[in-house]
Number of protein chains: 2
Amino acid sequence: MSIRSDYPEPLWIQAVNLINSEIASGVLKPGMRLPPERELCQQLNISRVTLRKALTKLVEDGVLSASHGRGWYVATGAANKEWPNSLESFSETAERMGLTASSEVLRSEVAPASLDEAEELSIAPGTPLFHLERVRLLNNVPIAIDLTRIPAELVPGFTEVNFATDSLYEKLAEAGLELLRADSTIEAREADEYVAKHLVLEVGKPVLVMKQLVVDNTDKPLFTSTIQYSGDRYRLRTFFSRSNALSRTRRGH
Amino acid sequence: MSIRSDYPEPLWIQAVNLINSEIASGVLKPGMRLPPERELCQQLNISRVTLRKALTKLVEDGVLSASHGRGWYVATGAANKEWPNSLESFSETAERMGLTASSEVLRSEVAPASLDEAEELSIAPGTPLFHLERVRLLNNVPIAIDLTRIPAELVPGFTEVNFATDSLYEKLAEAGLELLRADSTIEAREADEYVAKHLVLEVGKPVLVMKQLVVDNTDKPLFTSTIQYSGDRYRLRTFFSRSNALSRTRRGH
DNA sequence: AAGTGGTCTAGACCACCCC
DNA sequence: GGGTGGTCTAGACCACTTA
């Protein structure tokens, strides 16, 4: 094994991919110890700093874990194949699960921002806002209602797009927007008549309401989404990290 | 300004703290550009690699952002004071919000692990498991029911602790357990009779169900929690990151 | 004492932005 | 072309674990 082909990919990303694929292919199994850093450096023909950048990334992804005087270990358990906190579009989630995503567009138009909408997006009230409201379906079963609001100037021509078939995230990427992070709040509420009708539920049944503010890499708000999932048809996954408790390893392995 | 006192703290952490404090004190204001890396290196008397490790950390924390040919900028907006995905105990959350947390203990005993419980924790069925079930209250209002299961060998003597007043997280820390991450699933469900009674709700009202598997820094499962929040009395916060979309900066600043 | 991860350095070259 | 961030290197020393 060896990297450094003539990819434009940074070396440390190639190293990440290589280690990931060795785990996927079973060469490295959960719980196994990796070769020492200095040895891996030689095998991959990269410097130790670069290797460590790759290893650090893999720890963030929950793929590896380190123990000071002991070595690097492949993470064990179910968390292994799970996605970390990635911001995934509905279409991407569907693809990953092997299902077909589709949409029914309820609303796709530009209207002035209300006071609340303006405040969330840090823009002036009345600013033209593109409203996109869709019922999201998996294999034709209604899963959620998604209402997204984007400053119209960021997405010219979006009222002409047919979002029943096109992916919003793809169109955003084409428009040059770079999503970085979605700050989200999650709560459980009762389905009102409107939601119940579109999700084919009884009024009062639980729905999972997720409100997101998506920002770009300069922390500028790009858009807000309110997604209401049918309680018995969807489940969110995330993880919480314990902020640095100065981990001083005691047992394990 | 200069660091490198005789702290045992790593230099890059000292750099993080210093920059953080300069922002807090208003020397660096949101939107401002930082001095070039090479200049900062001289001022702080550290190498560029070390400085960049600090800057990278500050980006993760949402404090700074970088633009390739332009420089480093202090992040703008409200997201600045928000906490990231920290794994916080109920008591800590309460304290942060200025409320008083308390508990009513429904169950505190050791019992053998069922098949399901054993699988979640990667232990043998029948292994003694400490079960702690509590109603969690804020200012004496019932907010949630929390059922936590911990292998009994990890927490000797816990059946003697009075968890109506003592914090579970504090006791876990005293027992030498180091929580690293909680993998969580979240869904909306209807309150059953048991939950409804203890949370003073009507049966069928929405509850937010969060199931967590908490692991230590070697990815060993420590315990599982199932927390059922009254839908109208609690709201979760988290964020999702867009995994590397090869950010190619276009606009901004 | 040997093995292994954690931190740190000085210097190099490339890619991008702006004049 | 000059300024700035992004990647990469080779080598050093320290801290923790294990024996």
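# Reading a two-domain chain and its neighbour

Author: Chain A is divided into domain 1 (11-80) and domain 2 (90-230). Please keep in mind that this is a predicted model.

Reader: Thanks! How many ångströms separate the centres of domain 1 and domain 2 of chain A?

Author: Taken over C-alpha atoms, the centres of the two domains of chain A are 37 Å apart.

Reader: Which helices and strands should I expect when I trace chain A, and how many of each?

Author: Chain A has seven helices and nine strands. You can then ask how the chain folds back on itself. Among contacts between residues at least 6 apart in sequence, 56% join residues at least 24 apart in chain A.

Reader: What share of chain A is buried, and what supplies its exposed surface?

Author: Of the 253 residues in chain A, 47% are buried. The chain exposes about 13000 Å², and 50% of that comes from carbon and sulfur atoms.

Reader: Let's try a helix. Which residues of α2 in chain B are buried?

Author: A good way to read a helix is to list its buried residues and then see where they point. In α2(B), residues 37-44, the buried ones are B:E37, B:L40, B:C41 and B:L44. Around the axis they cover an arc of only 105°, which puts them on the same side of the helix. On the other side of α2(B), B:R38 and B:Q42 are exposed.

Reader: What do the buried residues of α2(B) pack against?

Author: Their partners in chain B are α1 (11-24), α3 (48-60) and β2 (71-74). Look also at the residue just after α2(B): B:N45 takes a positive phi of about 60°.

Reader: Now a single residue. Is A:E117 buried or exposed?

Author: A:E117 counts as buried because its relative accessibility is 15%, and the cut-off for buried is under 20%. A:E117 is found in helix α5 of chain A, residues 115-121. Leaving out residues up to four places away in sequence, A:E117 touches A:P112, A:L129, A:H131 and A:R149.

Reader: I'd like to compare that with a loop residue. Where does B:G176 lie?

Author: B:G176 is in the loop between α6 (168-174) and β6 (181-190) of chain B. With 14% relative accessibility, B:G176 counts as buried. You can also look across the fold from there: B:V155 is 21 residues away along the chain, and the two C-alpha atoms are separated by 9.3 Å.

Reader: Last topic, aromatic rings. How many aromatic pairs are there over all chains?

Author: For ring pairs, check the distance between centres and the angle between planes. Pairs count when the centres lie within 6.5 Å, and the total over all chains comes to eight. Take A:F130 and A:F163: their ring centres are 6.3 Å apart and their planes are at 40°, so the pair is tilted.

Reader: Which parts of chain A does that pair tie together?

Author: A:F130 lies in strand β4 (residues 128-138) and A:F163 in the loop between β5 (141-151) and α6 (168-174), so the pair ties together parts of chain A that are 33 residues apart in sequence. Both A:F130 and A:F163 are buried.

Reader: What other aromatic pair does A:F163 form?

Author: A:F163 also forms a tilted pair with A:F158, at 5.7 Å centre to centre and 55° between the planes. A:F158 is buried too, like A:F163. Put the rings together and you have a cluster: ring pairs link A:F130, A:F158 and A:F163.

Key. Residues are numbered from 1 along each chain as its sequence is written. Chains are lettered from A and ligands numbered from 1 in the order in which they are written. This is a predicted model: local features need pLDDT of at least 70, side-chain atom pairs count only at pLDDT 80 or more; totals for chains, interfaces and linings use all residues. Side-chain values use heavy atoms; hydrogens and water are left out. Helices (H or I, at least four residues) and strands (E, at least two) are DSSP runs, numbered from the N terminus. Buried means under 20% relative accessible area, exposed over 50%, partly exposed in between (1.4 Å probe, protein chains only). Contact means heavy atoms within 4.5 Å. Accessible areas come from the Shrake-Rupley method with a 1.4 Å probe; for residues, only the protein chains shown count as cover. The arc is that of the directions from the helix axis to the C-beta atoms. Domain bounds come from an automatic or database domain assignment. Rings of Phe, Tyr and Trp (its six-membered ring) pair if their centres lie within 6.5 Å; planes under 30 degrees apart count as stacked, over 60 as edge-to-face and the rest as tilted.
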